[in-house]
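Here is a set of short exercises to work through with the model open in your viewer. Try each task yourself before you read its solution.

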Amino acid sequence: MKVGIAADHGGYEMKQKIHILLNAKGHKVLDFGNLQYDRDDDYPDFAIPLARAVAEGVVERGVLLCGSGIGASIAANKIEGVRAAVCHDDFSARQGVENDNMNILCLGGLTTGVAVAWNCVKSFLAAKFSGAERHRRRLAKVSAVRRNPNVVYDVPAVPFTREAPLQLQRNCRAKGIGDSNDVA
């Protein structure tokens, strides 16, 4: 598989190790940097080019690292067609592809050990999107929101006002649920 990989300083060391393991498994790896350790670099500088490459089909999937994986995930998801998520276990990495058609795995270079990260990468790359109707339907809803942020689904609105917590307390007391200190 053609895999893109990228990391800022927080994921640089792990990226180097994952890159070697990917090559050893026969994957063609395209490195989007950073190509050297630089403690002052910024994750968007590497996340965005990798995300664009995934969205455009230059690479089939991406592995993206930063200190926690979170910033890189947020940046990558700004690109249309990208479905990036932070995973800390191989189940999530596999299911993210099978159910949500995740195409970028984000990892925390400072929060995840190399062995766990490598298991996540293997599960992520081996997984295939199920294509089940319910998964396609859910992804269509996510895409619809990107196209029209005002789209509304069949979910009842829950108004929130300053009075809402007080009303919740009154309702709970009336139903004999906890005391007022347990709710709010």
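Some notes on the model come first, then the exercises with their solutions.

This is a predicted model, in which local features need pLDDT of at least 70 and side-chain atom pairs count only at pLDDT 80 or more, while totals for chains, interfaces and linings use all residues. Residues are numbered from 1 along each chain as its sequence is written, and side-chain values use heavy atoms, with hydrogens and water left out.

**Exercise 1. The sheet**

Task: Work out in which order the five strands form the open sheet, and whether the pairing is parallel or antiparallel.

Solution:
- Start with the rule: strands of a sheet pair through backbone hydrogen bonds, either parallel or antiparallel. Strands here are DSSP runs of type E with at least two residues, helices are runs of H or I with at least four, and both are numbered from the N terminus. Two strands pair if DSSP finds at least two bridges between them.
- Next, read off the order, which is E2-E1-E3-E5-E4, with parallel pairing.
- Then find the edges: E2 and strand E4 (84-86) each pair on one side only.
- Add the twist: with direction ignored, neighbouring strands are turned by 25° against each other on average.
- Finally, look closely at one pair. E1 and E2 run parallel and are joined by four bridges, and Lys2 has Lys28 in E2 as its bridge partner.

**Exercise 2. A helix across the sheet**

Task: Find the strands that helix H2 (residues 44-55) lies across, and say which of its residues are buried.

Solution:
- H2 lies across E1, E3 and E5, and runs at about 170° to E3. Such angles go from 0 to 180 degrees between N-to-C directions, with axes fitted to C-alpha atoms, for helices over the stretch in contact.
- Check the length: the twelve residues of H2 reach 16 Å from first C-alpha to last, close to the 16 Å expected at 1.5 Å a residue. The expected span is 1.5 Å times one less than the number of residues.
- Now list the buried residues (under 20% relative accessible area; exposed is over 50%, partly exposed in between, with a 1.4 Å probe and protein chains only). They are Phe46, Ala47, Ile48, Leu50, Ala51, Ala53 and Val54.
- Their cover includes E1, E3, H3 and E5.
- Just past the helix, Gly57 has a positive phi of about 80°.

**Exercise 3. Leu64 and the cores**

Task: Decide whether Leu64 is buried or exposed, and list what Leu64 touches.

Solution:
- Place the residue: Leu64 sits in strand E3 (residues 61-66).
- Its relative accessibility is 1%, so Leu64 counts as buried.
- Leave out residues up to four places away in sequence, and the contacts of Leu64 (heavy atoms within 4.5 Å) include Ala6, Ala47, Leu50, Ala72 and Ile104.
- Leu107 is another of its contacts, and Leu107 in turn touches Val63, Cys87 and Val121, among others.
- Zoom out to the largest nonpolar core, a core being a set of buried Ala, Val, Leu, Ile, Met, Phe, Trp, Tyr and Cys residues joined through side-chain atoms within 4.5 Å. Of its 22 residues, Ile18, Leu22, Val63, Leu105, Leu107, Val121 and Phe124 touch the most other members. H5 gives the most to this core, with six residues.
- Apart from it lies another core of 19 residues, including Phe46, Ala47, Val59 and Ile79.

**Exercise 4. Salt bridges**

Task: Count the salt bridges in the structure, then compare where the partners of three of them lie.

Solution:
- The criterion is a side-chain nitrogen of Lys or Arg within 4 Å of a carboxyl oxygen of Asp or Glu. The structure holds four such bridges.
- Lys17 pairs with Glu13, with closest N and O atoms 3.2 Å apart. The two are four residues apart in helix H1, so about one helical turn separates them. Lys17 is partly exposed at 36%, and Glu13 is exposed at 55%.
- Asp31 pairs with Lys15 at 2.7 Å between the closest N and O atoms. Because Asp31 lies in strand E2 (residues 28-31) and Lys15 in helix H1, this pair ties together parts 16 residues apart in sequence. Asp31 is partly exposed at 25%, whereas Lys15 is buried at 0%.
- Arg137 pairs with Glu133, the closest N and O atoms being 2.9 Å apart. Both lie in helix H6 (residues 133-147), four residues or about one turn apart.
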